[in-house]
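Here are my notes for someone opening this one up for the first time. Have a look at the model, then go through the points in order.

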Amino acid sequence: MASNTVTPSFSARNNCLTAISSLVVTVLVALTVQIFYFSPIDPLVLDIKPASSIKNNKLQNIIKIGEGILKEPEDVCVDKEGIVYTATRDGWIKRLRRNGNWENWKHIESETLLGITTAKGGGLIVCDTTRGLFKVTEKDGFSSLVSEVNGSQLRFVDDAVETSEGILYFSVATNKFDFQNWYLDVLEARPHGQLLKYDPNTNETVIVLDDLAFANGVALSKDEDYLIVCETWKYRCIRHWLKGSNKGTTDTFIDNLPGGPDNINLAPDGSFWIALLQLTSEGLEFVHYSKITKHLLASFPRLINLVNGVKKKAIVVNVAPNGKIIRKFDDDDGKMITFVTSAMEFEGHLYLGNLNSNFIGKLPLHNA
């Protein structure tokens, strides 16, 4: 009798274990298929640089301007009359007049306005990651300049600069991912960026440089003999020569930066201000050494927020024309500002655009 009662119980337990095992195998197979077959990236291993150990927290001395009325002002520029402009996530171009008053200047239905620069003939050149390159004027508002190249829609127009002759150079950060999924380009670590040239006289757009590592900020040298392009996840800026014996060639301007370079702006003295991003949270750099880990992160986007370190701190550097760092300012604790994306010098102050606040940072340089 005893054996008759134990056998059914043992059999039931066996069936239960078999069912659980089958379920676990099914889940693992489904998870594997999800991670590898449906992964949005085809990753390569990337050597992400650890955060710089030299810290000064001088960006904690910023003055917050426009606080509460600027939604993630990514870039900043100033016109010849000293009016400061910025583009925000709610589609506004807002400007700060000399009298200290902010005003809503021009609007477009967009959440993806990024780089802005003044135009030689007046107005602004504005980058919209989803629509392309625009000119914005007092009279006409937003007018489309470039929306495609070689018959293909522009995907991620990031930053632009205009020469004294009216030629526009602009960057496409990646032609594979959109603004909301920009970190996938970092995880994939394959070069999808471009530098393009637009000639308004012929209305022609050509690709100048291809296969760039998240082509971000662009800036002209003081004499306009070369152009600097930031490659964010390579932690470097390259130089493309426009004049002289090196015309048409490209070399490295600065590499091994203490952060991924975002926007770059020419300073009055001919040096450059570069905003740097901490691309990975400290201690998690190892995720970029594993393709499997990258697939996992890309398949479950919420995990990206744990790895992405851009909202942890702020860093800017001042780089001489010879490619050497002159000054470095940071907010290592993220106490006052984080995710700084641009640094523009004007009348002894550094204006800081960013994608994680409702203000522009203003740093007095005489105290820095």
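1. Start with strand β22, residues 314-319: six bridges tie β22 to β23, and the two pair in the antiparallel sense. If you want a spot to check by eye, find V317, which stands opposite K328 in β23. Keep in mind as you look around that this is a predicted model.

2. That pair belongs to an open sheet of four strands, which come in the order β20-β21-β22-β23 with antiparallel pairing. Which strands stand at the edges? They are β20 (260-266) and β23 (325-331); each has a single partner strand, so one side of each is left without a neighbour in the sheet. From one strand to the next, the twist averages 20°.

3. Next, go to β17 (residues 226-231), which runs antiparallel to β18 and is joined to it by six bridges. Here Y226 stands opposite W241 in β18. The hairpin of these two strands has four residues between them, and in that hairpin Y235 takes a positive phi near 55°.

4. Stay with β18 for a moment. Is this strand mostly covered or mostly open? Mostly covered: β18 spans residues 236-241, and five of its six residues are buried. β18 also runs antiparallel to β19 (residues 250-254), with four bridges joining the two. One pairing to look for is C237, whose bridge partner in β19 is I254.

5. On cysteines, a short remark. The disulfide count for the model comes to zero. As for individual cysteines, C77 is buried, with a relative accessible area of 6%, and C127 is buried too, at 0%.

6. Now the pockets. The largest pocket has a volume of about 960 Å³. Its lining takes in 40 residues, and C77, V78, T117, T118 and K120 are the closest to its centre. Several strands chip in at least two lining residues each: β2 (76-78), β6 (113-118), β12 (157-162), β16 (215-220), β20 and β24 (340-346). Which of the strands gives the largest share? That is β12, with four residues. Sorted by class, this lining has 20 nonpolar, eight polar and 12 charged residues.

7. The second largest pocket holds about 570 Å³ of space. It is lined by 19 residues, with F179, Q180, W182, N308 and K311 closest to its centre. Helices α2 (183-188) and α4 (304-307) each supply at least two residues of this lining, which divides into 10 nonpolar, four polar and five charged residues.

8. There is enclosed space as well: the structure holds three cavities of 30 Å³ or more. The largest cavity has a volume of about 120 Å³. Its lining is made of 13 residues, and F179, W182, F214, D262 and L355 lie nearest its centre. By class, that lining splits into eight nonpolar, two polar and three charged residues. Note that F179 and W182 turn up here and also by the centre of the second largest pocket.

9. Last, the second largest cavity, with about 70 Å³ of space. Of the 14 residues lining it, K49, P50, A51, Y235 and Q278 are the closest to its centre; Y235 is the hairpin residue with the positive phi. The lining of this cavity divides into seven nonpolar, four polar and three charged residues.

Terms used. Residues are numbered from 1 along each chain as its sequence is written. This is a predicted model: local features need pLDDT of at least 70, side-chain atom pairs count only at pLDDT 80 or more; totals for chains, interfaces and linings use all residues. Side-chain values use heavy atoms; hydrogens and water are left out. Buried means under 20% relative accessible area, exposed over 50%, partly exposed in between (1.4 Å probe, protein chains only). Two strands pair if DSSP finds at least two bridges between them. A disulfide is a pair of cysteine sulfur atoms within 2.5 Å. On a 1 Å grid over the protein atoms alone, a cavity is a set of points where a 1.4 Å probe fits but cannot get out, and a pocket is an open set with protein on both sides within 12 Å along at least five of seven lines; lining residues have an atom within 4 Å of a point. Grid points are joined across faces, edges and corners, and a volume is the space filled by probe spheres set on the points. Ala, Val, Leu, Ile, Met, Phe, Trp, Tyr, Cys and Pro count as nonpolar, Asp, Glu, Lys and Arg as charged, and the others, Gly among them, as polar. Axes are lines fitted to C-alpha atoms, for helices over the stretch in contact, and angles run from 0 to 180 degrees between N-to-C directions.
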